[in-house]
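Student: I would like to go through this model and ask what justifies each label.
Tutor: Good. Bring the labels, and we will hold each one against its cut-off.

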Amino acid sequence: MTIVDIISIALIIILGVPHGSLDGVIARKLGWSKNLMEWISFNVLYLSIALMVIIIWSSLPFISLTIFLLISGIHFGLSDISSLSKDNKLTLLPLIAHAGLITIALPTLQKDQVSSIFAVLSNDDHSALLILIIENIFPFYIIIVSAYLIYSLYYIKWLKRSLALACFIFISNFLPALLTFSLYFCFWHSRGHMLRIWKSIDVTERTSYITETFSYTIVTWSLLAIAFFAINDTFSTTLIKLVFIGLAALTVPHMILVDFWANKRRVF
């Protein structure tokens, strides 16, 4: 693991992970956590789902990795198009294009680096097969991205996002896989999510929400630190498992809350 990889992981933990700490704000906007018992029930349920993901991953690493790629793609895609998809009928094309950046383009364009990461996360169980499947999907994905770029020339409101997607695919050819992921995760996905939530919060409530979000972030960092010392493996393997299995554990409840509850209620 290079110094660039370590910096990339640090960026993910320090700048990327905290965007999930806004889930408490989203729950409150949805009418949950109005009192102490509801707040406790929300946190217990959230952590229980996260713990269940970790337990399942420890027993079924390859299946868990495959499912994580699928749901991450859907989550990233929905997040990337969320502010533009509400009044447009054709959103499947942009959704698939954005969903495939991290799950299809990056593993194909940085095959060797991503293969080693997949091997760690799946305990080397059929990870080569997963890469092969993704590589075979990649030509169809490029066709979809090309169609999306053409589509965005006719519907200009999509142009900024389609060009950003094209730029990320381009730099995926040259930058290390972890750095590419950290740049996307921290400065595009997480930043966009946090800005949308921030704009939806009443000005008079922002100070209290900042305090709450910071508290959740500290707790999350503390749990990651405990997990780091609990994982009995090499330094690089520990970091990979810590970040990506940790992200998987947090993504499932985060996705349920954001994509399948908040988005349907149009709370932000």
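The talk below takes up a salt bridge, exposure, a cavity, a pocket and the nonpolar cores.

Student: Before that, what kind of model is this?
Tutor: It is a predicted model.

Student: What makes E135 and K111 a salt bridge?
Tutor: Their closest N and O atoms are 3.7 Å apart. The cut-off is within 4 Å, between a side-chain nitrogen of Lys or Arg and a carboxyl oxygen of Asp or Glu. The pair therefore qualifies. By this rule the count comes to one salt bridge.

Student: Why say that the pair ties parts together?
Tutor: E135 lies in helix 7 (residues 127-154), and K111 lies in helix 6 (residues 111-121). The parts they tie together are 24 residues apart in sequence.

Student: Why is E135 called partly exposed?
Tutor: E135 has 26% relative accessibility. Buried means under 20% and exposed means over 50%, so a value in between is partly exposed. K111, at 36%, also counts as partly exposed.

Student: What makes the lining of the largest cavity count as seven nonpolar and one polar?
Tutor: Look at the residues: I13, V17, L224, L242, V243, G246, L247 and L250. Val, Leu and Ile count as nonpolar, whereas Gly counts as polar. G246 is therefore the polar one. There are no charged residues in this lining. Helix 11 (residues 235-265) gives the largest share, five residues. The volume is about 50 Å³.

Student: How does the lining of the second largest pocket divide by class?
Tutor: Into two nonpolar, five polar and six charged residues. This pocket has a volume of about 340 Å³. Of its 13 lining residues, the closest to the centre are S83, R161, R191, G192 and R196. Arg counts as charged, so R161, R191 and R196 fall in that class. Helix 9 gives the largest share of the lining, eight residues.

Student: What makes L247 stand out in the largest nonpolar core?
Tutor: L247 is among the residues with the most contacts inside this core, together with Y141, F181 and F244. The core has 54 residues. Its largest share, 10 residues, comes from helix 11. L247 touches I12, V17, F68, F181 and F185, leaving aside residues up to four places away in sequence. Another core lies apart, with 14 residues, among them W32, I201, L257 and V258.

Student: How do you know that L257 is buried?
Tutor: L257 belongs to that other core. A nonpolar core is made of buried residues, so L257 is under the 20% cut-off.

Technical notes:
Residues are numbered from 1 along each chain as its sequence is written. This is a predicted model: local features need pLDDT of at least 70, side-chain atom pairs count only at pLDDT 80 or more; totals for chains, interfaces and linings use all residues. Side-chain values use heavy atoms; hydrogens and water are left out. On a 1 Å grid over the protein atoms alone, a cavity is a set of points where a 1.4 Å probe fits but cannot get out, and a pocket is an open set with protein on both sides within 12 Å along at least five of seven lines; lining residues have an atom within 4 Å of a point. Grid points are joined across faces, edges and corners, and a volume is the space filled by probe spheres set on the points. Helices (H or I, at least four residues) and strands (E, at least two) are DSSP runs, numbered from the N terminus. A nonpolar core is a set of buried Ala, Val, Leu, Ile, Met, Phe, Trp, Tyr and Cys residues joined through side-chain atoms within 4.5 Å. Buried means under 20% relative accessible area, exposed over 50%, partly exposed in between (1.4 Å probe, protein chains only). Contact means heavy atoms within 4.5 Å.
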